[in-house]
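Reader: I want to learn how to read side-chain packing and backbone details in a model. Can you take me through some cases?

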Amino acid sequence: MAQPDTKKIFFENLSGAGKAIAVLTSGGDAQGMNAAVRAVVRMGTYVGAKVYFIREGYQGMVDGGENIIEATWESVSSMLQVGGTVIGSARCKDFRTHEGRLKAALNLVKLGITNLCVIGGDGSLTGANLFREEWSGLLAELVEQGSIERQSVETYSALHIVGMVGSIDNDFCGTDMTIGTDSALHRIIEVVDAIMTTAQSHQRTFVLEVMGRHCGYLALVSALACGADWVLIPEMPPEDGWEEKMCQKLSANRAGMKRLNIIIVAEGAIDRNNKAITTDCIKDLVVKCLGFDTRVTILGHVQRGGTPSAFDRILASRMGVEAVLALLETTANTPACVVSLSGNQSVRLPLMECVQMTQEVQKAMDEKKFEEAVKLRGRSFENNLKTYKLLAHRKPESELPVSNFNVAVLNVGAPAAGMNAAVRSAVRVGISEGHKMFAVSDGFEGFYKGQIKEIKWADVGGWTGQGGSLLGTKRTLPAKHVGKIAEQMRTHNINALLVIGGFEALESLLQLYEARATYEEFCIPMCMLPATISNNVPGTDLSIGADTALNAIVETCDRIKQSASGTKRRVFIIETMGGYCGYLATVAGLAAGADAAYIYEEPFDIRDLQANVEHLTEKMKTSIQRGLVLRNENSNENYTTDFIYQLYSEEGKGVFDCRKNVLGHMQQGGAPSPFDRNFGTKISAKAMQWVTKKLVETFRQGRVFANTEDSCCLLGMRRRALVFQPVVQLKGETDFVHRIPKEQWWLKLRPLMKILAKYKTSYDVSDSGQLEHVVHHLPKDSDASVAM
């Protein structure tokens, strides 16, 4: 990989030389913790710091001895894909006592450790902050006891703390996602998808209990991701009389030819009187009132287990590097901070502000201020709840607004997992807004052929978890058929258009915008949702379908690497899709622990290939058994996958052998990931609300007429905000020849991938998080947390 000649990795004051950093995992384990530990160790080592493992959490810190050991680059190899935490975690009563913390301080001072990276929940992080506040007093006590020299008090005068939240519950305020949450959602959705097939066969009702303690995030998001009939969460207990309403809903769904019911219950679910609602209580209720064959499944600790998802590996790796940067920048006056995620952006927040707000949620629930509890959970949680209610509970016809607007929805381009969730959301939100919804089959090819029909609420039931495109999709662009498409729009009186697709969808909207000059039928609100596994659409950091493809690649890479377990040293060359966009190769490389990833956006030559082979050969001789090299399909027309395979095979003779794999269309198939289901569902709901607003604004003299730039938009996620952007304005940001944006945020992840693969490279710290303050509400247009 070519070495990017960007600015220096660190300013001089950010050197880690002479510093000692210790990393520990505490409290409950969560998938992705190992990725965070690996990133801390490798980034810390990279900047010249000594890095230590503290085994068994705070208990290891108190006990000392072999529980605190120096970590090396090699000691974190092959742990990226392992669930749980390999350095162990324990709940420690000793650390809660003053004597225990005194022992811990002594053990750290002996090794010169004054920088702690704590990965855990709010209890673990609160304990770390207390330790930091007591630090100078503890050292003074140790001097009095004669355990340490007085000079040590000056040398180790301040303890610096940076936290990363590792918890499947996602119950920590200040971050959109905690490490482990996405993986837990994967486990839940895998089980729900499996249960739905047997429930369908026997016309059964299933009541599922998911974890989360006093937080309903897992229950709520999994209900949104699988289209559950009913969900019960502690933050928003059901209104009195909910039992009758729930039974009516289940009965109505069965009457509508639905053969199964799914009810999801958070383990901390309560009613308005703070009385627990259990799965058995719900089962008995359904059997008694409806006589349905009902089963209970309690998922339990299976949610904590298994391999971390691609999202969690990337999140944990980014957070681990950010934690090291934060520790290097701290001064004696810097408060303990927690590294978190806001939208697609790393941020640092004062640890205790986050802890206090998290405690406020529980206080609000105890005081039965449930609306306040939902708000305190954050705008992401609030939006999840609103969207679930909008899509799961249909209003009676008499309560629906009457708009008399017809809205068409279609898929364009290659299929992407999550498209069906987006269509379902659009149809149901559109109907709730009073519109008549029309589905267009086979993209614009179906449009000009007249394959357009009205689509009802029940028609999209069960679509959320299905891969591909149930509407059908084609790459055909509208330019050659605008006359026929305009005719079909007249025939069906289409007043607005929602296009879900990839780069072809963007080109299509640009062509329809141009056609407004000739055909007034296109002077209507038009909105595009980016949906492509390649993630190559300008105007958005993420596209529907990309997360599912990433998980497919990473899972395959794990299996391929494991296939060489116990054999001689081996390097795998793997080709990914993406056209000219290197997103999949780069981000999958970071998530799978690749040694190199070749992409079009970062040109490389034979000297770079040779340097990579030599670097990998050296690592193979000293530390690792298996190597992984990814190549984007169009990264270079001459340095093909075969060429790279042959080069590595020849140059690695006597040290390693080579295998190659072209992953192909398996990256495009499969059930959508929880992330893609929710991302598709929520941005589609937001798009339909924008469509409604535009229809009202542009309805004059009995018809809709919209010909301004801002009436033809793409809805994308940019850093920390969801933004509607006129497609005409995106033309300048686009390389139409190679079908990629001119600037791509994920290129900043490439140096990170190289550092974690032991390359000396430059690292741009300008984008690293700055210390901010926790706010109860983000600005209304800044809900980037919609992603999950």
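Author: We go through rings, charges, helices, buried residues and backbone angles in turn. Keep in mind that this is a predicted model.

Reader: How many aromatic pairs are there?

Author: Rings pair if their centres lie within 6.5 Å. By this rule the count is 15 aromatic pairs. Phe 405 and Phe 699 make one edge-to-face pair, because their planes stand at 80° and their ring centres are 5.5 Å apart. The cut-off for edge-to-face is over 60 degrees.

Reader: Where do Phe 405 and Phe 699 lie?

Author: Phe 405 is in the loop between α13 (379-392) and β12 (406-412). Phe 699 is in strand β22 (residues 699-700). The two are 294 residues apart in sequence, so the pair ties together distant stretches of sequence.

Reader: Is Phe 405 buried or exposed?

Author: Buried means under 20% relative accessible area. Phe 405 has 9% relative accessibility, so it counts as buried. Phe 699 has 40%, so it counts as partly exposed.

Reader: What kind of aromatic pair do Tyr 583 and Trp 746 form?

Author: Tyr 583 and Trp 746 form an edge-to-face pair. The distance is 6.2 Å centre to centre, with 75° between the planes. Tyr 583 belongs to helix α19 (residues 583-592). Trp 746 is in the loop between β27 (740-741) and α24 (750-756). They are 163 residues apart, and the pair links distant parts of the chain. Tyr 583 is buried, with a relative accessible area of 4%. Trp 746 is buried too, at 1%.

Reader: Which residues form one aromatic cluster?

Author: Tyr 58, Phe 95, Phe 131 and Trp 135 do.

Reader: Now charges over rings. Which ring does Arg 254 lie over?

Author: Look for a charged end above a ring face. Arg 254 lies over the face of Phe 292, 4.2 Å from the ring centre. Lys 760 gives another case: its charged end sits over the ring of Tyr 46, 4.7 Å from the centre.

Reader: On to helices. At what angle do α12 and α13 cross?

Author: Read the distance and the angle together. The axes of helix α12 (residues 370-377) and α13 come within 5 Å and cross at roughly 120°. Angles of 65 to 115 degrees count as roughly perpendicular, and over 145 as roughly antiparallel. The α12 and α13 angle fits neither, so α12 is oblique to α13.

Reader: Which residues of α12 meet α13?

Author: Val 374, Lys 375 and Arg 377 of α12 do. They meet Phe 381, Glu 382 and Leu 385 in α13. The residues of this contact divide into three nonpolar, no polar and three charged.

Reader: Let's try small residues. What does Ala 219 touch?

Author: Set aside residues up to four places away in sequence. Ala 219 then touches Val 210, Val 231, Leu 232, Ile 233, Ile 264, Val 265 and Ala 266. Ala 219 sits in helix α7 (residues 217-226). Its relative accessible area is 1%, so it is buried.

Reader: And where is Gly 120 found?

Author: Gly 120 is in strand β4 (residues 115-120). It is buried, with a relative accessible area of 0%. Leaving aside neighbours within four places in sequence, Gly 120 is in contact with Ser 26, Met 33, Leu 125, Met 164, Val 165 and Gly 166. Sequence distance and space can disagree. Gly 120 and Thr 25 are 95 residues apart along the chain, yet their C-alpha atoms are separated by 5.8 Å.

Reader: How far apart in space are Ala 219 and Gln 562?

Author: Their C-alpha atoms are 33 Å apart, with their positions 343 residues apart in sequence.

Reader: What does Ala 685 touch?

Author: Ala 685 touches Thr 387, Ser 425 and Val 429, again not counting residues up to four places away in sequence. Ala 685 is in helix α22 (residues 674-698). It is buried, at 4% relative accessible area.

Reader: Last topic, the backbone. What phi does Glu 56 have?

Author: Most residues other than glycine have a negative phi. Glu 56 is not a glycine, yet its phi is positive, about 60°. Glu 56 lies in the loop between β2 (50-54) and α2 (57-63). At 35% relative accessibility, it counts as partly exposed. Lys 758 also has a positive phi, about 75°. Lys 758 is in the segment after α24. Its relative accessible area is 35%, so Lys 758 is partly exposed.

How values were computed: Residues are numbered from 1 along each chain as its sequence is written. This is a predicted model: local features need pLDDT of at least 70, side-chain atom pairs count only at pLDDT 80 or more; totals for chains, interfaces and linings use all residues. Side-chain values use heavy atoms; hydrogens and water are left out. Rings of Phe, Tyr and Trp (its six-membered ring) pair if their centres lie within 6.5 Å; planes under 30 degrees apart count as stacked, over 60 as edge-to-face and the rest as tilted. Helices (H or I, at least four residues) and strands (E, at least two) are DSSP runs, numbered from the N terminus. Buried means under 20% relative accessible area, exposed over 50%, partly exposed in between (1.4 Å probe, protein chains only). A charge sits over a ring if NZ of Lys or CZ of Arg is within 6 Å of the ring centre and within 35 degrees of the ring normal. Axes are lines fitted to C-alpha atoms, for helices over the stretch in contact, and angles run from 0 to 180 degrees between N-to-C directions. Angles under 35 degrees count as roughly parallel, over 145 as roughly antiparallel, 65 to 115 as roughly perpendicular and the rest as oblique. Contact means heavy atoms within 4.5 Å. Ala, Val, Leu, Ile, Met, Phe, Trp, Tyr, Cys and Pro count as nonpolar, Asp, Glu, Lys and Arg as charged, and the others, Gly among them, as polar.
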